[in-house]
Amino acid sequence: MANINAALMRADLAKLPLWSGDASKDGYTIEQWVTRVNKAATTAAWNDADTMAYVYNALRGPALRWLESLKRFNINIDSWAAVRTEMLDAYSR
């Protein structure tokens with residue numbers, strides 16, 4: 001039963017709020033969104049691969065294109081620390 005509860009918690013935490021990078025559509029600032037990702041990753045003990053899979057799935061439109069463009073600048077898009085730094089720099093108001 002404990003394994004089932006842990007799996008359910010992990011799945012629930014993976015439902016990150018969507019982020020488009022469009023202030024008129026997003027219900028959070030980038031700082032709030034990043035904090036949610038950090039807290040979910042810590043609580044569920046996600047590694048970088050897990051975190052970036054969930055982040056990728058939560059990004060929409062311009063934000064997803066932005067993430068994919070980081071490869072051209074040799075930013076490791078498999079590293080949450082690297083992406084988080086770039087994301088905060090790009091989207092902080």
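What pattern does the protein follow when read along the sequence? Hi everyone, that is my opener today, and the pattern is α-α-α-α-α. Put as a tally, the secondary structure comes to five helices and zero strands. Helices here are DSSP runs of H or I with at least four residues, strands are runs of E with at least two, and both are numbered from the N terminus.

A quick word on the source. This is a predicted model, in which local features need pLDDT of at least 70 and side-chain atom pairs count only at pLDDT 80 or more, while totals for chains, interfaces and linings use all residues. Residues are numbered from 1 along each chain as its sequence is written, and side-chain values use heavy atoms, with hydrogens and water left out.

Now the overall picture. The protein has 93 residues, and 33% of them count as buried; buried means under 20% relative accessible area, exposed means over 50%, and partly exposed is in between, with a 1.4 Å probe and protein chains only. About 5,700 Å² is exposed, and carbon and sulfur atoms supply 53% of that; the areas come from the Shrake-Rupley method with a 1.4 Å probe, and for residues only the protein chains shown count as cover. Among contacts with a separation of 6 or more, 63% are between residues 24 or more positions apart, where contact means heavy atoms within 4.5 Å.

Let's visit the loop between helix 1 (2-13) and helix 2 (30-44), where we find D26. Is D26 buried or exposed? D26 counts as buried, because its relative accessibility is 12%. Its side chain reaches the backbone nitrogen of G21 at 2.8 Å. That is a polar contact, meaning a pair of N or O atoms within 3.5 Å; within protein, one must be able to donate a hydrogen and the other to accept it, and residues adjacent in sequence count only if both atoms are side-chain atoms. Leaving aside residues up to four places away in sequence, D26 touches L18, W19, S20 and G21.

Next stop, the loop between helix 2 and helix 3, home of A45. A45 is not a glycine, yet it has a positive phi of about 55 degrees. A45 counts as exposed because its relative accessibility is 60%.

At the start of helix 3, a side-chain oxygen of N47 comes to within 3.0 Å of the backbone nitrogen of A49. Helix 3 covers residues 48-58, and its buried residues are D50, T51, M52, V55 and A58.

Last one, folks: N74, in the loop between helix 4 (61-69) and helix 5 (80-91). N74 has a positive phi of about 60 degrees, although it is not a glycine. With a relative accessible area of 73%, N74 is exposed. Thanks for listening!
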